[in-house]
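Here are a few exercises to work through with the model open beside you. Try each task yourself before reading its solution.

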Amino acid sequence: MKITPARRINGRAQLPGDKSISHRAAIIAALANGASRITNFSPSEDCAATLSCLRELGVSIQSEGSSSLIVQGAGEFGLRVANEALYCGNSGSTMRMLAGVLAGQDFSSTLTGDNSLNSRPMQRIIEPLQLMGAELGSKNGKPPLTVKGLRPLKPIRYELPVASAQVKSCVLLAGLNAQGRTEVIERGGETRDHTERLLQWFGVPLERSVEGSVAISIDGPRSFAARDVSVPGDISSAAFLIAAAALLPGSKLEVEDVGLNPTRTMFVSMLRSLGAVVEVTDRCDEGHEPIGRLRVKGKLSAEPPSPVDSTLVRGNLIPQLIDELPLLAVVGTQVPGGIEIRDAAELRRKESDRIDVTVKNLRAMGAEVQEFEDGLAVHGRTQLRGAMLDSYGDHRIAMAFAVAALTAAGDSEIAGAQCVSVSFPDFFRCLESLVER
Ligand code: S3P
C-alpha cells in the first residue's frame with residue numbers, strides 16, 4: 001500500500017461496530033435462550049472467526065443485511081461438539097473467550113489459529129480453567145489448545161497475573177457454568193469491561209467491588225434470556241482517524257456513534273493532555289455502553305507548557321491504552337518532549353511483537369527511538385520521512401504507520417497492509433475519503 005502525505009483530514013466518519021463488543025455479543029447471545037438481533041456487528045475477520053466457531057458448535061446465526069445478525073441462542077445445554085478444530089484465525093479474543101465457554105461443556109474441543117495466534121501465550125487461561133476443573137492440553141502453553149470440559153465447573157477466586165480483559169472474560173464466561181461464586185480480581189489495572197456490561201444487559205447479575213483493586217463476581221450455573229444488542233462504533237479503529245486529524249494542522253473530523261466506554265477512551269484523554277482539541281457531543285448513556293460523537297480539530301498544541309518533559313505513560317494506564325500504544329508512539333514523534341511508554345511488556349505478546357516492530361518502522365522513518373524490554377521512548381517533534389514500512393502482519397501496526405506516513409515528508413509503502421481487515425477492512429477507503437492533499 002502506497003501512502004502519500006496529506007495536508008489535512010476533513011469530513012465525517014461512521015465507524016464499523018466495535019470488535020471487542022461484537023465478539024462478546026455473539027458469544028453471549030449464543031448461550032442465551034432465544035433469538036438475539038445484533039446490529040452494527042463488526043465486519044472484521046476476527047469477529048467472523050468467532051461466528052464461524054460458534055456455528056461449528058451448533059449455533060445458528062443468520063445475516064440480515066450487511067451488519068446485522070440473528071443469533072439463535074443454544075441455551076445453557078445447547079452447544080454441540082464440533083466436527084473439527086475450531087479455527088480462531090488471528091483472534092486472541094476468540095480463542096481465550098471461547099475456551100472459557102468450552103471449559104464448562106460436557107465435551108472436548110480443540111482451538112487453533114494462524115501462525116501469529118499459535119505463537120501467543122495461553123498459559124494465562126489454562127491455569128484458571130484447570131483450577132476450575134477443566135482439562136487443558138497445549139504444547140508449551142501455546143495453541144492448538146485442547147479443552148476437555150467439566151460440567152459444572154468448580155468456582156474459583158482468581159487474581160489476574162496479567163491485566164487482561166480476555167483472561168478476565170474467559171474466567172467470567174466459565175463462571176456461568178460453575179457451581180457457586182466465581183470471582184476475578186484485577187491487579188495491575190482495570191481492563192475493558194464489555195463482558196460485564198453485556199452479561200448484565202442479558203440479565204445476568206454480577207457484583208463489582210473496588211477495594212484497592214476491582215473484583216467481579218458471578219454466581220453460576222446461570223441461564224438467561226436472549227436480548228437485542230446494538231454495537232457502538234469502534235473507538236480503537238476511530239483512534240487512527242482521530243490521531244491523523246490531531247496531527248495535521250487545519251483538520252476537522254467528526255466521528256459519529258462511537259463507543260465512549262471509559263475503559264477505552266484513555267487514548268482520547270491522552271491526546272487532549274498533549275494539546276489536541278477533541279470534543280464529545282450527543283453523548284447517550286442508555287443501553288449497555290455509552291456512545292457519542294467526537295469532534296477533532298488539528299493540530300496538537302504548538303505551545304507546550306515549559307519546560308518540555310517527555311510524557312511518561314505507564315502503570316495502570318497501560319491496559320486502558322493497550323491497542324493504541326503503537327499509535328501513541330507515532331503521535332509521540334510529533335509532540336514536544338516526546339513520549340516514553342513503560343510497563344507495557346504485554347505489547348510483545350500481541351499479534352506481533354509490537355515494541356520491536358514499532359521501533360523498526362519508526363527508525364525507518366527517521367525517528368529517534370529507544371527500545372526497552374517493557375516499552376519504548378520516542379523523541380518529540382521529528383519530521384518523519386516517507387519510508388518502506390512493514391505491517392509485520394499486524395493490523396494495528398499497518399494502521400498506525402498509515403497515519404505516520406500521512407504526516408511524513410515523501411511517500412511511504414506499507415508491506416502487508418491488507419491485514420487491516422483483521423479489525424477494520426474498510427480502513428484505507430475510509431481514510432482516503434477524509435484526506436485532503
Ligand atoms: C481485548 C483485550 C485486549 C486487547 C485486544 C482485545 C478484548 O487484550 O489487546 O485487542 O476484546 O478483550 P488483553 O486484554 O489480553 O490485553
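**Exercise 1. Find how strand 10 is joined to strand 11, then work out which strands stand at the edges of their sheet.**

Step 1. Strand 10 and strand 11 (residues 180–186) run parallel and are joined by 3 bridges. Strands here are DSSP runs of E with at least two residues, numbered from the N terminus, and two of them pair if DSSP finds at least two bridges between them.

Step 2. Look for Glu 159: its opposite number in strand 11 is Ile 185.

Step 3. Now zoom out: the open sheet has 4 strands in the order 10-11-13-12, with mixed pairing. Strand 10 (157–159) and strand 12 (206–211) each have a single partner strand, so they stand at the edges with one side left without a neighbour in the sheet.

Before going on, a word on the model: it is predicted, so local features need pLDDT of at least 70 and side-chain atom pairs count only at pLDDT 80 or more, while totals for chains, interfaces and linings use all residues. Residues are numbered from 1 along each chain as its sequence is written, and side-chain values use heavy atoms, with hydrogens and water left out.

**Exercise 2. Trace the sheet with the order 18-19-21-20 and say which helices pack on it.**

Step 1. This open sheet has 4 strands and mixed pairing. Strand 18 (311–313) and strand 20 (369–372) are at its edges, because each has a single partner strand.

Step 2. Strand 18 runs parallel to strand 19 (residues 339–341), with 3 bridges between them. Leu 312 sits opposite Glu 340 in strand 19.

Step 3. Helix 10 (residues 325–332) lies across strand 18, strand 19 and strand 21 (375–378), at about 155° to strand 19. Helices are DSSP runs of H or I with at least four residues; contact means heavy atoms within 4.5 Å; axes are lines fitted to C-alpha atoms, for helices over the stretch in contact, with angles from 0 to 180 degrees between N-to-C directions.

Step 4. Helix 11 (residues 354–364) touches strand 20 and strand 21, and makes about 165° with strand 20.

**Exercise 3. Find the polar contacts of the ligand with Ser 164, Gln 166 and Lys 350.**

Step 1. Start with the surroundings (a heavy atom within 4 Å): among them are Ser 20, Arg 24, Arg 192 and Asp 323.

Step 2. For polar contacts, look for pairs of N or O atoms within 3.5 Å. A ligand oxygen is 2.8 Å from a side-chain N or O atom of Ser 164, and one is 3.3 Å from a polar backbone atom of Gln 166. A polar side-chain atom of Lys 350 is 2.8 Å from a ligand oxygen.

Terms used:
Polar contact = N/O pair within 3.5 Å; in protein donor to acceptor, adjacent residues only side chain to side chain.
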